[in-house]
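Subject: Structure for you to look through

Dear colleague,

I am passing on the structure below, together with some notes on what was found in it. Please keep the picture open beside the text as you read.

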Amino acid sequence: MRGSDRTHKSAIRAENERAILKAAEEVFAESGFRGATTGMIADRAGIPKANLHYYFPTKEALYRRVVEHIFNIWLDAANSFDESDDPVEALTAYISKKMDISREHPMGSKVWANEILHKAPVIQDYLETTLRDWTASRVAVIERWIADGKIAPVNPQYLLYMIWATTQHYADFNHQIDTLNGGRALGATQFEEAKQTVIGIILAGIGATAPALGSAAARTARNGDATAPAGR
């Protein structure tokens, strides 16, 4: 097989997997693991069921891939802990990215939330290994900030729980937010204001100094169209 043929086939495979994962996120978010079927997902993706099973042999394999996908996106958002030893800079970047993820990947977040609400029947092993180890690494960074006097002596795990709960609210409860916003999704300016509010409250709560709200980005957000959809 020529290199160009292999590249073409790899591109097709990647595109098919993206379509399946997007459809699976939606169906699992709407119906849960038990209620969803691979047939429903194949229909949503617009492919034959046999094609779906070529990429994902079982429903559980597909479900775990969906869960791992959103979790890995969240993991990448926390790279700011390693990239900066300044808690204001690191937490501002982390919270900002987590808020953006809730806007861009609401279905993946809902799948995760639904799994946890049911005591993680499929991914409990993931929680006890990957999530636990990752959380311990972030706790160690926060403890170092506390020891260096950079933030108030708070419980690192409770701080993380607060960040997760607040940022993921904008995905898991977006219908409630939209309803209270007159039946419309938050506009770009509104979402930026929500983001800066969350950042400011959390940083103030741990005795850190929030970045100036007079930044170019903040000014742009304030001057933007408050009714323009922020996207999902």
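How many residues does the largest nonpolar core have, and which of them have the most contacts inside it? Please bear in mind, before the answer, that this is a predicted model. The largest nonpolar core holds 62 residues, and those with the most contacts inside it are F28, L62, F81, W112 and I123. Helix α4 gives the most to this core, contributing ten residues.

To place that core in its setting, it helps to look at the whole protein chain, which has twelve helices and zero strands. Of the 232 residues in the protein chain, 42% are buried. If you take the contacts in the protein chain with a separation of 6 or more, 68% of them are between residues 24 or more positions apart. The accessible surface of the protein chain amounts to about 12,400 Å², and carbon and sulfur atoms account for 55% of that surface.

One of the core residues named above, L62, can be followed through its partners: once its neighbours within four places in sequence are left aside, L62 is in contact with I20, L21, A24, F28, I41, L52 and F56.

Another of them, W112, leads to the aromatic rings, of which the structure holds 14 pairs. F71 and W112 form a stacked pair, with 5.4 Å from centre to centre and 5° between the planes. Because F71 lies in helix α4 (residues 59-77) and W112 in helix α7 (residues 106-117), this pair ties together parts that are 41 residues apart in sequence. Both F71 and W112 are buried, and ring pairs link these two with W74, Y126, W134, Y158, Y161 and W164 into a cluster.

A further place to visit is T38, which is found in helix α2 (residues 38-45). Is T38 buried or exposed? Its relative accessibility is 9%, and because buried means under 20%, T38 counts as buried. Apart from its neighbours within four places in sequence, T38 is in contact with K49, L52, H53 and K59. Two of these partners appear elsewhere in my notes: L52 is also in contact with L62, while K59 lies over the face of F33, at 4.5 Å from the ring centre.

With best wishes

Conventions: Residues are numbered from 1 along each chain as its sequence is written. This is a predicted model: local features need pLDDT of at least 70, side-chain atom pairs count only at pLDDT 80 or more; totals for chains, interfaces and linings use all residues. Side-chain values use heavy atoms; hydrogens and water are left out. Rings of Phe, Tyr and Trp (its six-membered ring) pair if their centres lie within 6.5 Å; planes under 30 degrees apart count as stacked, over 60 as edge-to-face and the rest as tilted. Helices (H or I, at least four residues) and strands (E, at least two) are DSSP runs, numbered from the N terminus. Buried means under 20% relative accessible area, exposed over 50%, partly exposed in between (1.4 Å probe, protein chains only). A charge sits over a ring if NZ of Lys or CZ of Arg is within 6 Å of the ring centre and within 35 degrees of the ring normal. Contact means heavy atoms within 4.5 Å. A nonpolar core is a set of buried Ala, Val, Leu, Ile, Met, Phe, Trp, Tyr and Cys residues joined through side-chain atoms within 4.5 Å. Accessible areas come from the Shrake-Rupley method with a 1.4 Å probe; for residues, only the protein chains shown count as cover.
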